[in-house]
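This report introduces one structure to a reader who has not met it before. Please look over the sequence and the model shown here before reading on.

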Amino acid sequence: MRGISRTSLEQVTERLDSVLPSANAPTLGHELFEVVALLGQEHSLRRWLADPANPAEAKSGLIGQLLEPKVSPTTVIVVSDVVQAAWSTPRDLVDAIERMAVYATMAGAEGEQRLDELEDELFRFDRIVASEPELRAALTSEGVAVEHRRTLLENLLSGKVSAATLALVTEAVTRPRGRTLEQRLEHFGQLVAERAKRYIAVVRTAVALSADQQSRLQDVLTRVYGRAIHLNIEIVPEIVGGLSIRVGDEVIDGTVAGRIAEVRRRLAG
């Protein structure tokens with residue numbers, strides 16, 4: 001988000017932080033995701049709520065009428081705060097509510113200092129999906145009913161990952177919002193990292209890194225980017241040797257395979 005949307009996002013996040021301590025955070029996260037789904041279906045409502053020409057009080061009043069019989073008072077407060085703020089586009093408004101949903105869902109892990117675990121579980125599931133075409137098809141094919149996908153995830157992950165991870169993975173699978181499953185999982189992982197005030201570095205290596213090597217790599221990347229770094233490490237024998245590191249849109253490719261590919265590109269040119 002940029003401009004006025006970024007400013008509004010900071011304001012509504014501060015408001016969320018003020019209500020989270022007294023809220024049932026998992027319920028709040030679930031209900032906010034339901035609101036995101038509602039606005040995704042109701043195009044005219046979404047546009048009306050994001051239109052700066054409409055009074056903020058009227059937007060809040062409408063949200064109250066729509067939601068009060070169905071959700072908790074805290075959810076009404078959070079959504080009302082979002083719709084009263086100024087947004088550059090209707091998409092930014094809905095994205096802000098989704099972000100609040102993610103923050104509420106992860107509040108328990110955040111309070112227990114377990115955000116590393118949440119990030120790792122999201123990344124590991126992303127890698128499992130990428131390596132298992134049949135599983136990916138079962139989770140993403142349009143012909144598979146949503147309830148079947150939920151049941152499949154429950155059977156696969158219940159008791160093996162945190163409740164927050166299961167909730168976010170289920171949301172990614174059942175409501176993609178125009179993204180691939182991998183994009184949704186990565187997006188949620190990035191939001192967790194942003195909440196923890198750090199960056200995620202996706203490291204691809206031919207062989208496993210020792211704890212000391214991981215620590216030194218984290219230290220180097222922290223100095224380079226000026227923020228704490230969480231490493232997501234993927235073992236990829238095909239790259240032969242070296243490391244490929246992606247932080248956001250920036251890729252540092254020091255692999256043998258990468259250098260060979262570069263030589264081939266230059267020869268072809």
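## Backbone, sheet and cores

Lys197 is located in the loop that connects helix 12 to strand 1. The model is a predicted one, and in it Lys197 has a positive phi of about 60 degrees although this residue is not a glycine. Because its relative accessible area is 61%, Lys197 counts as exposed. A second non-glycine residue with a positive phi is Arg177, whose value is near 55 degrees. Arg177 belongs to the loop between helix 11 (163–174) and helix 12 (181–195).

**The strands**

Strand 1 (residues 198–205) and strand 2 (residues 228–235) run parallel and are joined by eight bridges. Together with helix 13 (residues 211–225), these two strands make a right-handed β-α-β unit. Strand 1 also pairs with strand 3 (residues 243–247), here in the antiparallel sense and over five bridges.

Which residues stand opposite one another in these pairings? The table lists three positions of strand 1 with their partners.

| Residue in strand 1 | Partner | Strand of the partner |
|---|---|---|
| Val202 | Asn232 | strand 2 |
| Thr205 | Ile235 | strand 2 |
| Val202 | Arg246 | strand 3 |Val202 thus appears with Asn232 in strand 2 and with Arg246 in strand 3. Six of the eight residues of strand 1 are buried, so this strand is largely enclosed by the rest of the structure. In a regular strand, side chains alternate between the two faces of the sheet.

**Aromatic rings and charges**

The count of aromatic pairs comes to two. One of them is formed by Tyr199 and Tyr225, which meet edge-to-face with 6.2 Å centre to centre and 80 degrees between the planes. This pair links distant parts of the chain, since Tyr199 is in strand 1 and Tyr225 in helix 13, 26 residues apart. Tyr199 is partly exposed, with a relative accessible area of 33%, whereas Tyr225 has a value of 19% and is buried. The cut-off for a buried residue is under 20%, so Tyr225 at 19% falls within that class.

Tyr199 has a charged neighbour as well: the charged end of Arg227 sits over the ring of Tyr199, 4.9 Å from its centre. A similar arrangement involves Arg195, which lies over the face of Tyr103 at 4.4 Å from the ring centre.

**The nonpolar cores**

The largest nonpolar core has 58 residues, and the members that touch the most others are Leu93, Ile97, Met100 and Leu118. Helix 6 (residues 90–105) gives the most to this core, with nine residues. Apart from it lies another core of 10 residues, among them Ala201, Leu217, Leu231 and Ile245.

What does Leu118 contact beyond its neighbours within four places in sequence? The residues in contact with Leu118 are Met106, Ala109, Ser162, Ala164, Thr165, Leu168 and Val192.

**Contacts across the sequence**

Thr75 is placed in helix 5 (residues 73–84). With 0% relative accessibility, Thr75 counts as buried. Thr75 and Leu28 are 47 residues apart along the chain, yet their C-alpha atoms are separated by 5.9 Å. Not counting residues up to four places away in sequence, Thr75 touches Leu28, Glu31, Leu32 and Val35.

Ala37 offers another example of parts of the chain that are brought together. Ala37 has its place in helix 2 (residues 25–41) and, at 17% relative accessibility, counts as buried. In sequence, Ala37 and Val94 are 57 residues apart, while in space they are 9.1 Å apart from C-alpha to C-alpha.

Key:
Residues are numbered from 1 along each chain as its sequence is written. This is a predicted model: local features need pLDDT of at least 70, side-chain atom pairs count only at pLDDT 80 or more; totals for chains, interfaces and linings use all residues. Side-chain values use heavy atoms; hydrogens and water are left out. Two strands pair if DSSP finds at least two bridges between them. Helices (H or I, at least four residues) and strands (E, at least two) are DSSP runs, numbered from the N terminus. A crossover is right-handed if, with the strands pointing away from the viewer, the path from the first strand over the helix to the second runs clockwise. A nonpolar core is a set of buried Ala, Val, Leu, Ile, Met, Phe, Trp, Tyr and Cys residues joined through side-chain atoms within 4.5 Å. Buried means under 20% relative accessible area, exposed over 50%, partly exposed in between (1.4 Å probe, protein chains only). Contact means heavy atoms within 4.5 Å. Rings of Phe, Tyr and Trp (its six-membered ring) pair if their centres lie within 6.5 Å; planes under 30 degrees apart count as stacked, over 60 as edge-to-face and the rest as tilted. A charge sits over a ring if NZ of Lys or CZ of Arg is within 6 Å of the ring centre and within 35 degrees of the ring normal.
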